[in-house]
Amino acid sequence: MFGMLRGLWDYRGFILSSIKNEFVARFARSKLGGLWMIIHPLTQVAIYALILSNVLGARLPGIENKYAYALYLIAGIVAWNLFSEIVSRCLTIFIDQGNLMKKMRFPRIALPVIVVGSCLLNNLLLFIAALVIFALLGHAPNMQMLWLFPLTLAVVGLALGVGLVLGVLNVFLRDIGQVVPIVLQVWFWFTPIVYSVNIVPDYLKGTLDANPMYALVSAYHNVMVYQVAPDFNRLAVTVAIAAGLMLLGLFMFRRASAEMVDSL
Amino acid sequence: MTLLSVNNLGKAYRTYRSEWQRIARWFFLPVKASEEHWVLKHISFNIQPGEAVGIVGQNGAGKSTLLKMITGTLQPTDGSVHVNGRIAAILELGMGFNAELTGRQNVYHAAGLMGFSTRQIEEAIDDIETFAEIGEYFDQPVRMYSSGMQMRVAFAVATAFRPDILIVDEALAVGDSYFQHKSFERIRAFQREGTTLLIVSHDRGSIQSLCNRAILLDGGTVIKDGPPEEVMDYYNAIIAAKENATVTVTQREDGSVQTRSGSGEASIRSVSLHNIAGEPIEYVQVGETVSLKVAVQVNNDIPELVTGYMLKDRLGQTVYGTNTHHLGCKLEQVSAGQAIEYSFRFEANLGVGSYSVAVALHTTENHIACNFEWQDLALVFNVVNVSKAEFVGLAWLPPTLEETR
């Protein structure tokens, strides 16, 4: 464990330059480059906002702003996007970098760390875009938003835990790579991002509580839209799950490390 | 101090009835692998600083598995590897290069992957740029590079910092011959400064000229460890033994296909190259007197038998060819069942390189009228320059020099 951290520290230059290179490479020969990473989720928001708010006439209780639904969507998408991006990239990271792992010696744990770094950078851009849109819609940033720092960490922790476990398994059982995107899609709809939790029938609320992303997404809603502190009791459970999954992921990663290269 | 010590190293690839069983093993559940495939077993050797060791063996002997475990990308199943120092490998150049980034950015990335800090790379970047000699391209995206330029940059990074152990795959061509020389000069300079070399090669010439020790792997174990000369002889003997056992194989190791054709009234039993002492050889020194022995079996009565041979260079250009008709020794009225052995003795006044021999049995002065057997690539040999002054070209035409002022 200590050795892993030291390896990461020794390779900090490489990790930073990898994150930077990935970002730079995205702008090469593409006019909007990294902006596409924001345009995609924002288009998603626009579609949901347009269809669900205008066509279906969904209204969000507890907030005055008439664009409330758009704000609600954006806050949820900021959280979900970070989560799903880390999970889906960790899922294939070892397979994608298989050749490198076979040929070069470096701390393998750097690979998921690079993924996290680059996803955080994307998320930062998306968050800035979200702030701009919030301002345009007349919703000023508030102090509660400082909660986003620990919240982002919690999302990263949960995503990395899930991603590491699945990424390691995917090397040996390639079906996982096919299943996970589907599961992520289902998971997205089982998290109150597009809809408000109030419209969920009571008998489903228990199921919702079992979803660790629910606590995180509603914390994002609280701080970004409702301007109140997140619900700590619920978050504590999610953080515990995230920590557990991280440990499990690291354990599996360590145990599988040797065999991973054999199988790639 | 031992620089590298390999103790009872073994590598097995395990397969399980189900991948879930493999996963269960990580959680310490007692599951037995359904199949264990050992590619390396009981490998032990020590390497001292400053040695130059050649690792030889046929394809599949376990050379790359061994090297991967020494560099640390593969974990041994058994035994251990201890390294006191930094290892650099020139096996796969250009690993991890991103085509969209410039040469400079890729250098930072690649050197970072080798474990160097940004500051160390900053100090070395000018040397790397100078060594690669690709001019303004250094700040252009790598996708605009020719493969040679990419190799140059990759080699420059890989050898930017002198390692304690340098692993070189000899078959790796580093661009044009100018740069090849330059890179070899750097490898030799490292060696002079105390770097230990581990060279993987099939080429006897380079093993003998660079190494002071060779390790021969076969079937996953070390079967010989000693002076290069001795080990290479042993290696050739193994190959020869294997080749005899598989006469029908016509696809050669380098991928070329050997063609035999002919009507079969007479057939070529064997073709071999011998030195003056009569020992079969594969490596010929420039100017050495050698005999090409061709054993012929006559299967049917034939009115006339002419045997010819051609020496071809590695590109297939004929360097020299003749036959027994031109040499004034054609045989007439040959009866079935006879065995004839020819010995063509000549001085191998050839340039350094690889040559092949084609042999043909026919009547009259050429094989057009009647072709009993024609065999391409009947034999491949290498010419090495050990004792002569360096020269270039296909032929050895030593001049006498007079100078007037």
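**Chain B: the sheet, a helix across it, and the side that touches chain A**

Okay, let's start with the sheet in chain B: six strands, open, and if you walk across you get the order β5-β6-β7-β3-β8-β9, with mixed pairing. Keep in mind that this is a predicted model.

So who's at the edges? In chain B that's β5, residues 87-90, and β9, residues 221-226. Each of those has a single partner strand, so one side of each is left without a neighbour in the sheet. As for twist, going from one strand to the next you average 20 degrees.

Now let me zoom in on one pairing. Strand β3 of chain B, residues 52-56, runs parallel to β8 of chain B, residues 213-218, and four bridges join the two. If you want a pair to click on, take B:Val56: its bridge partner in β8(B) is B:Leu216.

Next, the helix. α2 of chain B, residues 63-71, lies across β3, β5, β6, β7 and β8 of chain B. For β6 that's 165-169, and for β7 it's 196-200. Relative to β5(B), α2 runs at about 145 degrees.

Last bit: the contacts with the other chain. How many residues are involved? We have 26 residues of chain B in contact with 28 residues of chain A. On the chain B side, the elements giving two or more residues are α1, 19-26, and α3, 103-113. Which one gives the most? That's α3(B), with five residues. And by class, that side of chain B, the one touching chain A, has ten nonpolar, twelve polar and four charged residues.

Definitions and conventions: Residues are numbered from 1 along each chain as its sequence is written. Chains are lettered from A and ligands numbered from 1 in the order in which they are written. This is a predicted model: local features need pLDDT of at least 70, side-chain atom pairs count only at pLDDT 80 or more; totals for chains, interfaces and linings use all residues. Two residues are in contact if their C-beta atoms, placed from the backbone, lie within 7 Å. Ala, Val, Leu, Ile, Met, Phe, Trp, Tyr, Cys and Pro count as nonpolar, Asp, Glu, Lys and Arg as charged, and the others, Gly among them, as polar. Two strands pair if DSSP finds at least two bridges between them. Axes are lines fitted to C-alpha atoms, for helices over the stretch in contact, and angles run from 0 to 180 degrees between N-to-C directions.
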